[in-house]
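Trainee: Could you take me closely through one part of this structure and show how that part sits within the whole chain?

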Amino acid sequence: MAAFYLAVGSVYGAAEHVAEQLEAKLTQQGHSVQWIESDDPESIVAVASDVLMVITSTTGSGDLPDNLAPLFYALKDRFPMLPGLRYGVIALGDSSYGETFCGAGRQFDELLTELGARRIGERLQIDACETFAPEEEALKWLPQWLAQLERQPVNAE
Ligand SMILES: Cc1cc2nc3c(=O)[nH]c(=O)nc-3n(C[C@H](O)[C@H](O)[C@H](O)COP(=O)(O)O)c2cc1C
């Protein structure tokens, strides 16, 4: 069983709802789940040998929601190396925004890679143009992502 930490960015609640559904599923499967509620980068450093799931929508023009941006910029500033951290990204967006599609999830993904963390699987991008039920996409994606996580234990090369 793994310890999961969720960093959630949401403006209107869709990404938050996805995170709640994921939390319920993971908890049901016996994992522990906690939300990162702090903007302090040490909250990520403290869980750097566990699993982080970033679940964020995109706002503005490829921007992070206000409730996740402070943590992102503080991490970028403090720049702690996180080689033991395994992470996944669920990015919500709308493809009608063109080049900024899922920009917030992409930015967080790129930052974590720069910090030496290891992404498990591919980033999931959920397009509001294609679905009104992003939580269904996320729950469909989760089992294969968990299978990949199991194959990549802590500090595996
Ligand atoms: C003002 C505004 C700006 C947005 N900008 C983008 C964007 O740049 N890129 C993108 O992919 N989606 C963009 N979106 C779409 C949202 O990311 C998408 O609808 C998402 O599902 C909203 O999730 P939330 O309810 O958790 O905020 C924007 C939506 C709004 C209302």
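Mentor: The account below takes helix α3 and the loop after it as its centre, and then turns to the strands and the ligand.

The model is a predicted one. Its protein chain holds 5 helices and 6 strands, and from the N terminus the elements follow the order β-α-β-α-β-α-β-α-β-β-α. The C-alpha trace spans about 40 × 35 × 25 Å along its principal axes. A compact globule of 157 residues would have a radius of gyration near 15 Å, and the 14 Å of the protein chain agrees with that. Of the 157 residues, 35% are buried. Among contacts between residues at least 6 apart in sequence, 80% join residues at least 24 apart.

Within this chain, helix α3 covers residues 69-78. Leu 71, Phe 72 and Leu 75 are buried in α3. These three lie on the same side of the helix, because the arc they cover around the axis is only 100 degrees. The buried residues of α3 pack against β1 (3-9), α2 and α4 (103-114). Leu 71 also has a partner distant in sequence: its C-alpha atom is 6.1 Å from that of Asp 40, although 31 residues separate the two along the chain. Asp 40 itself belongs to the loop between β2 (32-35) and α2 (42-45). With 15 C-beta neighbours inside 10 Å, Asp 40 falls between the limits for buried and exposed, and therefore counts as partly exposed.

The residue that follows α3 is Phe 79, placed in the loop between α3 and β4. The phi of Phe 79 is positive, near 50 degrees, in a residue other than glycine. Phe 79 is exposed, because 11 other C-beta atoms lie within 10 Å and the limit for an exposed residue is 12 or fewer.

Leu 82 lies in the loop between α3 and β4 as well, yet it counts as buried, with 23 C-beta neighbours inside 10 Å. Apart from neighbours within four places in sequence, Leu 82 is in contact with Ile 44, Ala 48, Leu 115, Gly 116 and Ala 117. For Ala 48, the C-alpha to C-alpha distance from Leu 82 is 5.9 Å, across 34 residues of sequence.

Beyond this loop comes β4 (86-93). Strands β4 and β6 pair in the parallel sense over 4 bridges, and Ala 91 has Gln 125 of β6 as its bridge partner. In β6 (residues 124-127), Leu 124 and Ile 126 form the covered face, whereas Gln 125 and Asp 127 form the uncovered one. Between β4 and α4, the loop contains Cys 102. The phi of Cys 102 is also positive in a residue other than glycine, near 55 degrees. Cys 102 is buried, with 25 other C-beta atoms within 10 Å.

Strand β4 also takes part in the surroundings of the ligand: β4 and α1 (14-28) each supply at least two residues of the shell. In total 22 residues surround the ligand, and the closest are Ser 10, Tyr 12, Ala 14, Ser 57 and Gly 93. By class, the shell has 10 nonpolar, 11 polar and 1 charged residues.

Technical notes. Residues are numbered from 1 along each chain as its sequence is written. This is a predicted model: local features need pLDDT of at least 70, side-chain atom pairs count only at pLDDT 80 or more; totals for chains, interfaces and linings use all residues. A residue is near a molecule or strand if its C-beta atom, placed from the backbone, lies within 6 Å of it. Ala, Val, Leu, Ile, Met, Phe, Trp, Tyr, Cys and Pro count as nonpolar, Asp, Glu, Lys and Arg as charged, and the others, Gly among them, as polar. A residue is buried if 20 or more other C-beta atoms lie within 10 Å of its own, exposed if 12 or fewer, and partly exposed in between; C-beta atoms are placed from the backbone. Two residues are in contact if their C-beta atoms, placed from the backbone, lie within 7 Å. The arc is that of the directions from the helix axis to the C-beta atoms. The radius of gyration is taken over C-alpha atoms; the globule rule is 2.2 Å times the number of residues to the power 0.38. Two strands pair if DSSP finds at least two bridges between them.
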